[in-house]
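Welcome! Here are some exercises with worked solutions to help you find your way around a protein. Have a look at the model, then try each task before reading on.

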Amino acid sequence: MSDPQDVNETVFDNDSEGHDDTLSLQRIRHVSSPGIFKPLLVCLEGPHRGMRFPLQKREQIIGRGSQADIRIEDEMISRRHVLVTWHNSDNPAEIPRCTCEDLGSRNGTELNGAPLIGPAPLRERDRILLGSTVLGFFLRDAEEIELDRTLYELATKDALTGLDNRHQFHALLRHYIERVRRYGQLIALLLIDADHFKNINDTYGHDVGDLALQHIARVIATSCRSTEVCSRWGGEEFAVLAPESNEHGATVLAERIRNRIAFFPLELSGSQKVEISVSIGITILRADDSPEEAFRRADRSLYLAKELGRNRTVFEGRVVGLDQTATFTRKPPLTGAE
């Protein structure tokens, strides 16, 4: 039997443990007590399904115009469609009192299935129908709003790049095909794939491979307009939906992305640079498309771009762009779009 003095004993720091427990209990008590409620709109149906819109000020206009406080990409919604007023926003301790009012929209507004006439009070779980979009009205405290936001991000965003994930993009693609079917809009689908990406992982390691994917995602996002949808489809493949884009517009966007990625290598510590290029396939969505058929068509063009030597753009079976004279005098911005 070993000497008791030689046995390694586990010593607990009671003061430290108690301090941590106290902080944890304080936080639990804080979360368990209802806080100050704020009004929140949640998109239950439509192109922004799942998105949360916390009301930030007394009056907020919902519409598809660029000046709307809550902007919704729905062709059946007017530019200034609905006004939501938070009447006691200057007194956050009170339960929010809100009303909504149609602003003379083209297609009207419904509240809980009835036409909205004049300002009407909003109550918990009310439903607002504008265009093909349904918004739910809820009251949430700060903890609940943050949890809602976190859950939405987890469900719709790619954890590595912050772009829309595959599930979210597929849902939006269905909606955009419906817009083509109903309104005859021109909407382009771009598939973007990093060339020889395995070589980057094999040469520099998977950590640098992740940095390369983030770099590509940032260039794509900053090359697109706010109305365009950017997604990481999977692996080193990305997808973009570009509304109001014909062959020329889609080609300009694709070449902007391709040239920027080629021109701006990934910069590592110690002045080391990783050269990256991408191949891009483009198609225009059609009224009789399914999401799978649209992807197959774009993927065939992407495959052809790879077969023809990579680092090029193919539009529905034809090589386009290849503007090797393009010059850039600055790095792409970290956020925003051109």
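In this predicted model, residues 24 or more positions apart account for 61% of the contacts in the protein with a separation of 6 or more.

**Exercise 1. Take stock of the whole protein.**
Task: Find how many helices and strands the protein has, and what share of its residues is buried.

Solution.
- Step 1. Go through the secondary structure: there are seven helices and 19 strands.
- Step 2. Turn to burial. A residue counts as buried under 20% relative accessible area, and 44% of the 338 residues in the protein are buried.
- Step 3. Finish with the surface. About 18,400 Å² is exposed, and carbon and sulfur atoms supply 50% of it.

**Exercise 2. Trace the six-stranded sheet.**
Task: Work out the order of the strands in the open sheet of six strands, and say which strands stand at the edges.

Solution.
- Step 1. Follow the pairing from one side to the other: the order reads S2-S1-S11-S10-S7-S8, and the pairing is antiparallel.
- Step 2. Look at the ends of that order. Strand S2 (52-54) and strand S8 (114-115) each have a single partner strand, so each has one side without a neighbour in the sheet.
- Step 3. Pick one pair for a closer look. Strand S1 (residues 38-45) and strand S11 (residues 133-140) run antiparallel and are joined by seven bridges. At one of these places, Leu41 has Phe137 in S11 as its bridge partner.
- Step 4. See what covers these strands. Helix H2 (residues 142-156) lies across S1, S2 and S11, and runs at about 140° to S11.

A reminder that helps here and in the next exercise: strands of a sheet pair through backbone hydrogen bonds, either parallel or antiparallel.

**Exercise 3. Trace the five-stranded sheet.**
Task: Find the order of the open sheet of five strands, then describe how S3 pairs with S5 and with S4.

Solution.
- Step 1. The order is S4-S3-S5-S6-S9, with mixed pairing.
- Step 2. S4 and strand S9 (120-122) are the edge strands; each has a single partner strand, so one side of each lacks a neighbour in the sheet.
- Step 3. Start from strand S3 (residues 59-63), where four of the five residues are buried. S3 pairs with strand S5 (residues 82-86) in the antiparallel sense over four bridges, and Ile62 stands opposite Val82 in S5.
- Step 4. Now take the other partner. S3 and strand S4 (residues 70-71) pair in the parallel sense over two bridges, with Gly63 opposite Arg71 in S4.
- Step 5. Move on from S5 to strand S6 (residues 98-102): these two run antiparallel and are joined by five bridges. Val84 has Cys100 in S6 as its bridge partner.

**Exercise 4. Place Ile72.**
Task: Is Ile72 buried or exposed, and which residues is it in contact with beyond its neighbours within four places in sequence?

Solution.
- Step 1. Locate Ile72: this residue sits in the loop between S4 and S5.
- Step 2. Check the accessibility. Ile72 has 1% relative accessibility, so Ile72 counts as buried.
- Step 3. List the contacts, setting aside neighbours within four places in sequence: Pro47, His48, Ile62, Gly63, Arg64, Ile77, Thr133 and Leu135.
- Step 4. Add a distance. The C-alpha atoms of Ile72 and Gly46 are 9.0 Å apart, although 26 residues separate the two along the chain.

**Exercise 5. Describe a helix pair.**
Task: Find the angle at which H3 and H7 pack and name the residues that make the contact.

Solution.
- Step 1. Helix H3 (residues 166-183) and helix H7 (residues 291-307) pack at about 100°, with their axes 10 Å apart.
- Step 2. Angles of 65 to 115 degrees count as roughly perpendicular, so H3 is roughly perpendicular to H7.
- Step 3. From H3, the contact uses Phe169, His170, Leu173, Arg174 and Ile177; from H7, Pro291, Glu292 and Phe295.
- Step 4. Sort these by class: five are nonpolar, one is polar and two are charged.

**Exercise 6. Look at two positive phi values.**
Task: Where do Arg125 and Glu244 lie, and is each buried or exposed?

Solution.
- Step 1. Recall the background: most residues other than glycine have a negative phi.
- Step 2. Arg125 has a positive phi, near 75°. Arg125 lies in the loop between S9 and strand S10 (127-130) and is exposed, with a relative accessible area of 52%.
- Step 3. Glu244 has a positive phi too, near 55°. Glu244 lies in the loop between strand S14 (237-243) and helix H6 (247-263) and is exposed, at 55% relative accessible area.

Key
Residues numbered from 1 in each chain as written. Predicted model: local features only at pLDDT ≥ 70, side-chain atom pairs only at ≥ 80, totals over all residues. Heavy atoms only, no water. Buried < 20%, exposed > 50% of the residue type's maximum accessible area, 1.4 Å probe, protein only. Pairing = 2+ DSSP bridges. Contact = heavy atoms within 4.5 Å. Areas by Shrake-Rupley, 256 points an atom, 1.4 Å probe, with all protein chains shown as cover. Axes fitted to C-alpha atoms, helices over the stretch in contact; angles between N-to-C directions. Parallel < 35°, antiparallel > 145°, perpendicular 65-115°, else oblique. Nonpolar A, V, L, I, M, F, W, Y, C, P; charged D, E, K, R; others polar.
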